[in-house]
Amino acid sequence: MGKTAYKKLKGSQSLRQRLVLSTLANTPLLIQDIRAEDTWPGLRPHEVSLLRLLEKVCDDCVVEINETGTKLKYKPGTIMGGKNLVHDCGVSRSMGYFLEPLILVALFAKKPLSIRLKGITNDSKDPSVDTFRSTTLPMLKHFGVPSEGLELKIESRGAPPRGGGEVILTVPTVEKLMAVNWLDEGMVKRIRGVTFSTRVSSQFENTMIHAARGIFNHLLPDVHIFTDHKAGSQAGKSPGYGISLVAETTSGCFISADTTISYAQGEVGEIEDEEKQELTPPDNVGEQIASFLLEEIEQGGVVDSTHQGLLFLLCALSEPDFSKIRVGKLSAYGIETLRSVRDFLGVTFAIKPDPSTGTVILRGMGCGYKNLSRKVS
């Protein structure tokens, strides 16, 4: 047991991916200068919570943080998975922030994972749990992840700032991921969606649906948006409402958009009731999100801009064969991911713009990552 060779990095950007890749590639990490210049230096509560989550899912993983939180040492362990785990995500970011890294790590675990997450289910920053259920999980099937044992069950909702939502995520284990040749984005054939409201009138949902359908009905007939009004203990602790829309194309791609309207984090209790900011009314929300979904579709590509990072990671971890994928305009998050993937896995993608459609085609060889700890049944 000699000295551990740490991979040295600086700064707080793309911490999620660095931790995921470090765990999968079994590379110990040393990150310095984490927001060293800020008024509030160091790791944020949600980042510490993510580290605790990885500790729960992995065995023998060591996390050391210095007093100010500006320096982090992370030595990954074996990914175990397991049943009946519980994790409180806190209220500084929603569950969407935790679900993406969790699912990537859990696919390569020793046992299938079943975990109950508590916290904020929908907020305006991260993808909501509805989007995750309708878009992210079907996306994994392209890579050969079995659909049985892969599900997300929403027990109760939680809107910012106080959360109170609960979901149960189950993820099966895979031996390896398939390489994909995924260039055909197809035409949109149907639009599905779900609205939610907690601790506000359920009429808000009908207003949002009416506004969103007003835009979609000119374009295609098959639009169904379901309502999900939670009351009592299932409604979490804060009032809020939101909508998540998914466009399904003829070639089996899912393009999503979502939003949530609620009082922002840290506002309750700090300001007087008279001064509370005006929340966007539901009819505007419906119109905005419908237009936003149409923008995402217009950009082209087989996934929307929020899922680019995950798509690149899955391609990089796939079997040693060429993957070809088409995405719209590269998002900042996607570009960060490509850099992280190059640094940790040594996988680079050839990026070729396709001027006729305004999309980008990426071609790259997977690193052939295999799940060695998985129990063979």
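This passage walks through the sheet, the cores, the salt bridges and a few backbone oddities of one chain. The model is a predicted one.

A good place to start is the open sheet. Four strands build it in the order β7-β8-β10-β9, with mixed pairing. That leaves β7 and β9 at the edges, each pairing on one side only. Direction ignored, neighbouring strands of this sheet are turned by 15° against each other on average. Strand β8, residues 113-119, runs antiparallel to β10 and is joined to β10 by seven bridges. One bridge pairs two glycines: Gly 119 has Gly 165 of β10 as its partner. Helix α2 packs on the sheet, where α2 touches β7 and β8, and its direction makes about 165° with that of β7.

Helix α2 itself passes a simple length check. The helix covers residues 45-57, and at 1.5 Å a residue its 13 residues should span 18 Å; the end C-alpha atoms sit 19 Å apart, which agrees. A good part of α2 is hidden from solvent: His 46, Glu 47, Ser 49, Leu 50, Leu 51, Leu 53, Leu 54 and Val 57 are buried. As for spacing, an α-helix has 3.6 residues a turn, so residues three or four places apart point the same way. Within α2, Leu 50 and Leu 54 are both on the buried list, and both are touched by Leu 19.

Leu 19 also matters for the bookkeeping of the core. The largest nonpolar core has 77 residues, and Leu 19, Leu 117, Leu 177, Trp 182 and Leu 311 touch the most other members. Helix α3, residues 96-107, gives the most to this core, with nine residues. Setting aside residues up to four places away in sequence, Leu 19 touches Leu 29, Leu 50, Leu 51, Leu 54, Leu 72 and Tyr 74. A second core, separate from the big one, has 19 residues, including Ile 191, Phe 216, Val 223 and Ile 225. In soluble globular proteins, nonpolar side chains tend to be buried together.

Polar residues get buried here too. Ser 156 is found in strand β9, and with a relative accessible area of 8% Ser 156 falls under the 20% limit, so it counts as buried. Beyond its neighbours within four places in sequence, Ser 156 is in contact with Thr 121, Gly 164, Gly 165, Glu 166, Lys 230, Ser 233 and Gln 234. Gly 165 turns up again here, as the residue bridged to Gly 119.

Salt bridges come to 16 in total. In one of them, Glu 47 meets Arg 35, with the closest N and O atoms 3.1 Å apart. This pair links distant parts of the chain, 12 residues apart: Glu 47 is in helix α2, while Arg 35 is in the loop between β2 (29-32) and α2. Both Glu 47 and Arg 35 are buried. Another salt bridge brings together the side chains of Asp 130 and Arg 157, at 2.9 Å from N to O. Asp 130 belongs to helix α4 (residues 129-141) and Arg 157 to the loop between β9 and β10, so this pair ties together parts that are 27 residues apart in sequence. Asp 130 and Arg 157 are both buried as well.

The bridge from Asp 343 to Arg 342 has its closest N and O atoms 3.4 Å apart. Here both partners are partly exposed: Asp 343 has a relative accessible area of 38%, and Arg 342 has one of 44%. Salt bridges that share partners also join Arg 116, Lys 153, Glu 155 and Glu 166 into one network. Glu 166 is also one of the contacts of Ser 156.

Last come the backbone oddities. Most residues other than glycine have a negative phi, and most peptide bonds are trans. Asn 84, in strand β7, goes against the phi trend with a positive value near 55°. At 66% relative accessibility, Asn 84 counts as exposed. Arg 199 likewise has a positive phi of about 55° although it is not a glycine. Arg 199 lies in the loop between β12 (188-198) and α5 (203-216) and is partly exposed, with a relative accessible area of 48%. The peptide bond from Pro 160 to Pro 161 is cis, with omega near 0°. Pro 161 lies in the loop between β9 (151-156) and β10 (165-171), the loop that also holds Arg 157.

Conventions. Residues are numbered from 1 along each chain as its sequence is written. This is a predicted model: local features need pLDDT of at least 70, side-chain atom pairs count only at pLDDT 80 or more; totals for chains, interfaces and linings use all residues. Side-chain values use heavy atoms; hydrogens and water are left out. The expected span of a helix is 1.5 Å times one less than its number of residues. Buried means under 20% relative accessible area, exposed over 50%, partly exposed in between (1.4 Å probe, protein chains only). Two strands pair if DSSP finds at least two bridges between them. Axes are lines fitted to C-alpha atoms, for helices over the stretch in contact, and angles run from 0 to 180 degrees between N-to-C directions. Contact means heavy atoms within 4.5 Å. A nonpolar core is a set of buried Ala, Val, Leu, Ile, Met, Phe, Trp, Tyr and Cys residues joined through side-chain atoms within 4.5 Å. A salt bridge is a side-chain nitrogen of Lys or Arg within 4 Å of a carboxyl oxygen of Asp or Glu.
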